[in-house]
Amino acid sequence: MNSLLKDVERKGWSRRIFLRNLLFSAGSLSMASWLTACGGSSSSSSSGGSSASFSSKFKTMGPLLEPNEDGIRLPQGFTSRQLAVFGEAPLPDVDPTFLWHSDPDGGATFRTDDGGWIYVSNSEARDLTTIRDQDPTGLFRSNLSRDAAELLPPGFGGGVSALRFDAVGNLVDAYPCQRGTTTNCSGGATPWGTWINGEEIWDGKMFECSPLRDGGEYIELPRFGRKAHEMVAIDTDNRAIYHTEDIDFATDRFYRTVWNISSWPVANERPDMDAGKLQVLYVPAGIDAARAGPTPIVWNDAIDDGTPQPATVDMVDATFFGGNEGVWWLQGFIFFSTKSDDNIWVIDIEGQTLESIYEPRSDVAGSPFDNAEEPLTGVDNITMTLDGEMLVVEDGGYMRCMVLLPDRTTIPLLQLPGNPSLTEVTGVAIAPSGDRIYVSGQRSRPLGLLPPEVQPGSPIPTRVAGVTYEIKMPFSVRVNPPIAKVLS
């Protein structure tokens, strides 16, 4: 059991409330002060500071206002900036030949040596593999592998692109980081300054690239299994990388790749990516037990011989987590989301237990400012601050980014334009400055037969464009993204 939880249970406090509050205060509070705030007497604190009164700045937000000129609903004092649109040059004066990719999805930020930062964005561009995976008979899939589809026209149009900012937030460069891959959904920033990202198809691959212009050629990572890859979270303390899967609610599982000390000798440096062991999560007591409280978990070795993971579900004991996508490491815990039931889960790494810490309730509004606000649903990509505040974007919900608070209530941070049956909110990330948030509307701008200003809100667009935005907040939160490095 995590040592923090041992102290909680020894004092007779609620473990479930502790974990919910960890979302709120994991990084900024000394543990003694924070535990006092959870129910201990004031005399039990020895920190002497004022951190026990920490309150998230997100709690100061008001309700969402009417849509602004970008069509985005934001709280008072927040502003938006359109950074990049599919098919257009983000910086035509710098590089008119570089056009922003389609279907922007997962993203992250990196610090740069000059005091600026980079935002990377995946392209979940569709191709033959998409049509293949949507064939209900399975015949197309059985006769067309990912590797064969790569050789057929029109080829793969996915990959990763980057937007670079100077120290005051001016957009100064835009360029590709990775090309020639398909349906790149999400990923994760590494402590060694690279971006791990995967393909969201039945037999998808995982890759690693540098966020820098001319940062080196991307490489394939062989020890993550062939599956529909999503987000990545790295636990350097225990030499493990956690990763998610989202292709079929009936077979989706939660994974990690683990290393020994000889293949990962220095915690924050890159391990030998050829030496990891793929494992799947198993909850012997069943997922419903974990909904009720902390439940022991087991990690079983996965079949990792190139066979697509969905084809191995009957070969290894594992628990299904339908639509698991978002995942984040913080303070010895792994948080992840599942769209099939709109839950947020947490793994106590030391104690090896799992439990649910959020699920929507019909009798609880999605906002403290509006009783008519729908609860957070379609939980997808997540990101967290050093203080444990969680930002969750919706896929199939209401086109919002929500802040999850410790008592399971939520506050809407923004709402993008677009029909949620056609598009989703993606790529949530926070700039190193802590006062800017990046998100995309994946397919939210209808182009139709006429420009959107002539044909606004076209219900059946012949084309749709992804749009990537920057949201400026009137306050800053604490984050510490890695410094971007070349991939060597």
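The lining of the second largest pocket divides into eight nonpolar, six polar and 14 charged residues. This pocket belongs to a predicted model. The second largest pocket holds about 620 Å³ of space. Its lining has 28 residues. Those closest to the pocket centre are Arg 126, Gln 134, Glu 200, Asp 246 and Ile 247.

The largest pocket was examined next. About 880 Å³ of space lies within the largest pocket. Its lining is made of 38 residues. Ala 189, Trp 328, Asn 480, Pro 481 and Pro 482 lie nearest its centre. Several strands give two or more residues each to this lining: β2 (104-111), β6 (184-189), β10 (229-235), β16 (324-330), β20 (379-384) and β24 (425-430). The largest share, five residues, comes from β2. By residue class, the lining of the largest pocket holds 21 nonpolar, 13 polar and four charged residues. In the second largest pocket, by contrast, 14 residues of the lining are charged.

The overall fold can be summarised briefly. The protein has seven helices and 26 strands. Of its 488 residues, 58% are buried. Contacts between residues at least 6 apart in sequence were also sorted by separation. Among these contacts, 59% join residues at least 24 apart.

Confidence varies along the chain. The average pLDDT of the protein is 87, and 84% of the residues score at least 70. Residues 24-52 have a pLDDT below 50. Beyond near neighbours in sequence, this stretch makes 53 contacts in the model. The pLDDT is also below 50 over residues 448-463. That second stretch has 19 contacts beyond near neighbours in sequence. Where pLDDT is low, the predicted coordinates should not be read in detail.

Four individual residues were then followed through their surroundings. Lys 339 sits in the loop between β17 (333-338) and β18 (343-348). Lys 339 counts as buried because its relative accessible area is 13%, under the 20% cut-off. The side chain of Lys 339 makes two listed polar contacts with acidic-named partners, Asp 246 and Glu 325. The contact with the side chain of Asp 246 spans 2.7 Å. The contact with the side chain of Glu 325 spans 3.1 Å. Asp 246 also appears among the residues closest to the centre of the second largest pocket. Leaving aside neighbours within four places in sequence, Lys 339 is in contact with residues including Phe 249, Gly 322, Gly 378, Val 379, Asp 380 and Asp 395. Gly 323 is another of these contacts. Lys 339 and Gly 323 are 16 residues apart in sequence, yet their C-alpha atoms are 4.8 Å apart in space.

Arg 256 lies in strand β12 (residues 255-258). Its relative accessible area is 15%, so Arg 256 also falls under the 20% cut-off and is buried. A polar contact of 2.8 Å links the side chains of Arg 256 and Gln 279. Beyond neighbours within four places in sequence, Arg 256 is in contact with Ile 241, Tyr 242, His 243, Lys 277, Leu 278, Gln 279, Trp 299 and Gln 352. The C-alpha atoms of Arg 256 and Val 280 are separated by 6.5 Å. These two residues are 24 residues apart along the chain.

Arg 132 is part of helix α4 (residues 128-133). Arg 132 is buried, with a relative accessible area of 1%. The side chain of Arg 132 meets that of Asp 203 in a polar contact of 2.8 Å. Not counting residues up to four places away in sequence, Arg 132 touches Phe 140, Arg 141, Leu 144, Ser 145, Arg 146, Ile 201, Trp 202 and Asp 203.

Thr 312 is found in the loop between β15 (298-301) and β16. Thr 312 is buried, and its relative accessible area is 0%. Its contacts, apart from neighbours within four places in sequence, are Arg 253, Ile 303 and Thr 307. With Arg 253, the contact includes a polar one: the two side chains are joined at 3.0 Å. Thr 312 and Ala 302 are 10 residues apart in sequence, and 8.2 Å separates their C-alpha atoms.

Notes. Residues are numbered from 1 along each chain as its sequence is written. This is a predicted model: local features need pLDDT of at least 70, side-chain atom pairs count only at pLDDT 80 or more; totals for chains, interfaces and linings use all residues. Side-chain values use heavy atoms; hydrogens and water are left out. On a 1 Å grid over the protein atoms alone, a cavity is a set of points where a 1.4 Å probe fits but cannot get out, and a pocket is an open set with protein on both sides within 12 Å along at least five of seven lines; lining residues have an atom within 4 Å of a point. Grid points are joined across faces, edges and corners, and a volume is the space filled by probe spheres set on the points. Helices (H or I, at least four residues) and strands (E, at least two) are DSSP runs, numbered from the N terminus. Ala, Val, Leu, Ile, Met, Phe, Trp, Tyr, Cys and Pro count as nonpolar, Asp, Glu, Lys and Arg as charged, and the others, Gly among them, as polar. Buried means under 20% relative accessible area, exposed over 50%, partly exposed in between (1.4 Å probe, protein chains only). A polar contact is a pair of N or O atoms within 3.5 Å; within protein, one must be able to donate a hydrogen and the other to accept it, and residues adjacent in sequence count only if both atoms are side-chain atoms. Contact means heavy atoms within 4.5 Å. pLDDT is the predictor's confidence in each residue, from 0 to 100.
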